[in-house]
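Trainee: I should like to understand how the terms used for a protein model are justified. May we go through them one at a time?

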Amino acid sequence: MLVPSVEKNTSSEKPYFSQHGGTWIDRFDFENKLQEKLDSTRVTEAEALEVRQFAENGYVIFKQAVPIEVVDKVNSFIEKIWKTNRTEIKLDILNTITPIHRDLRNQPFKILDLYYYNEAVRKALLAPRIVRFLTILFETSPLLFQSLNFERGTEQAIHQDTAYVVVDSPMKLAAAWIALQDVTPGTGELEYFVGSHRLPDFDFGGGKKHWSGTDGAEIHDRFLASLAT
């Protein structure tokens, strides 16, 4: 897979890689912007390295960004809600929303928005290391608006979140994947195509970067196929 270098093309007519714009790291003159932040001490050398890795690869890894005691509290809360069947907490099972119930734990579920119900989950998702990095990217405080919890991989096809998570500025969307167990081969680890954030925009019609059911299955299939080439 080939992606354009972040240092090429500084045309003022098209400052961003995407027609949907983005943050400052999505500009062709990203390196100049990064140097300005370094010169003004708004970012450290270590932070600049992380930002550059993110801009080039589409991801960056923070080891132990969430304290182990917070992870333990999150896992304890998850065990508790499975035992108590808190019906206000919902599961997404193959795009069907249903209240959590212990009999459904063997299904390919996603627990929705646990941060709404538990302080430890909020502490994990808003860990200072994560918030600091996203604040650098967004140049403002990040807004937490969705969370999903998995116990096993859903085996969903390779995709881009912008196709399904609809926001006003699709290129100003970031996701944090937090491991609640040791990451080893076979534990449902995240799969990612390095540099795929620089793929050309896929147009779902009318300049849209997101898909909806009314768009039909044919264009959705073409979108997935475009990511596999």
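Mentor: Let us begin with one side chain: that of Q160 reaches the backbone oxygen of S196 at 3.3 Å. Please keep in mind that this is a predicted model.

Trainee: What makes the approach of Q160 to the backbone oxygen of S196 a polar contact?

Mentor: The cut-off for a pair of N or O atoms is 3.5 Å. The distance here is 3.3 Å, which lies within 3.5 Å, so the pair qualifies as a polar contact.

Trainee: Where does Q160 lie, and why is Q160 called buried?

Mentor: Q160 is found in the loop between β4 (148-149) and α6 (217-227). Its relative accessibility is 17%, and buried means under 20%, so the word applies to Q160. Apart from neighbours within four places in sequence, Q160 is in contact with S196, L199, F223 and L227.

Trainee: Which residues of α6 are buried, and what makes them line one face of the helix?

Mentor: The buried residues of α6 are I219, H220, F223 and L227. Viewed down the axis of α6, these buried residues fall within an arc of 105 degrees, so they line one face of the helix. On the other side of α6, A217 and E218 are exposed.

Trainee: How do you know that E139 and K37 form a salt bridge?

Mentor: The N to O distance between their side chains is 2.6 Å. The limit is 4 Å between a side-chain nitrogen of Lys or Arg and a carboxyl oxygen of Asp or Glu, so the pair meets the definition. E139 lies in the loop between α5 (128-138) and β4, and K37 in helix α1 (residues 30-39), so the salt bridge ties together parts that are 102 residues apart in sequence.

Trainee: Why is E139 called exposed, and why is K37 called buried?

Mentor: E139 has a relative accessible area of 51%, and exposed means over 50%, so E139 qualifies. K37 is at 7%, which is under 20%, so K37 counts as buried.

Trainee: What makes E119 and K123 a salt bridge, and how are they placed in helix α4?

Mentor: Their N to O distance is 3.8 Å; this is within 4 Å, so the pair is accepted. Being 4 residues apart in helix α4 (residues 119-125), they are separated by about one helical turn. E119, at 49%, and K123, at 46%, are both partly exposed, because each value falls between 20% and 50%.

Trainee: How many salt bridges does a search of the whole structure find?

Mentor: The search finds 13 salt bridges. Among them is that of D201 and K209, at 3.0 Å from N to O; D201 is partly exposed at 25%, while K209 is buried at 9%. In addition, E79, R105 and E151 are linked in a network of salt bridges.

Trainee: Why are β2 and β4 said to stand at the edges of the sheet?

Mentor: The 4 strands form an open sheet in the order β2-β1-β3-β4, with antiparallel pairing. β2 (96-99) and β4 each have a single partner strand, so one side of each is left without a neighbour in the sheet.

Trainee: How do you know that β3 and β4 pair?

Mentor: Strand β3 (residues 109-112) and β4 share 2 bridges in the antiparallel sense. At least two bridges are required, so the strands pair. The bridge partner of L112 in β4 is L148.

Technical notes
Residues numbered from 1 in each chain as written. Predicted model: local features only at pLDDT ≥ 70, side-chain atom pairs only at ≥ 80, totals over all residues. Heavy atoms only, no water. Buried < 20%, exposed > 50% of the residue type's maximum accessible area, 1.4 Å probe, protein only. Polar contact = N/O pair within 3.5 Å; in protein donor to acceptor, adjacent residues only side chain to side chain. Contact = heavy atoms within 4.5 Å. Arc of directions from axis to C-beta.
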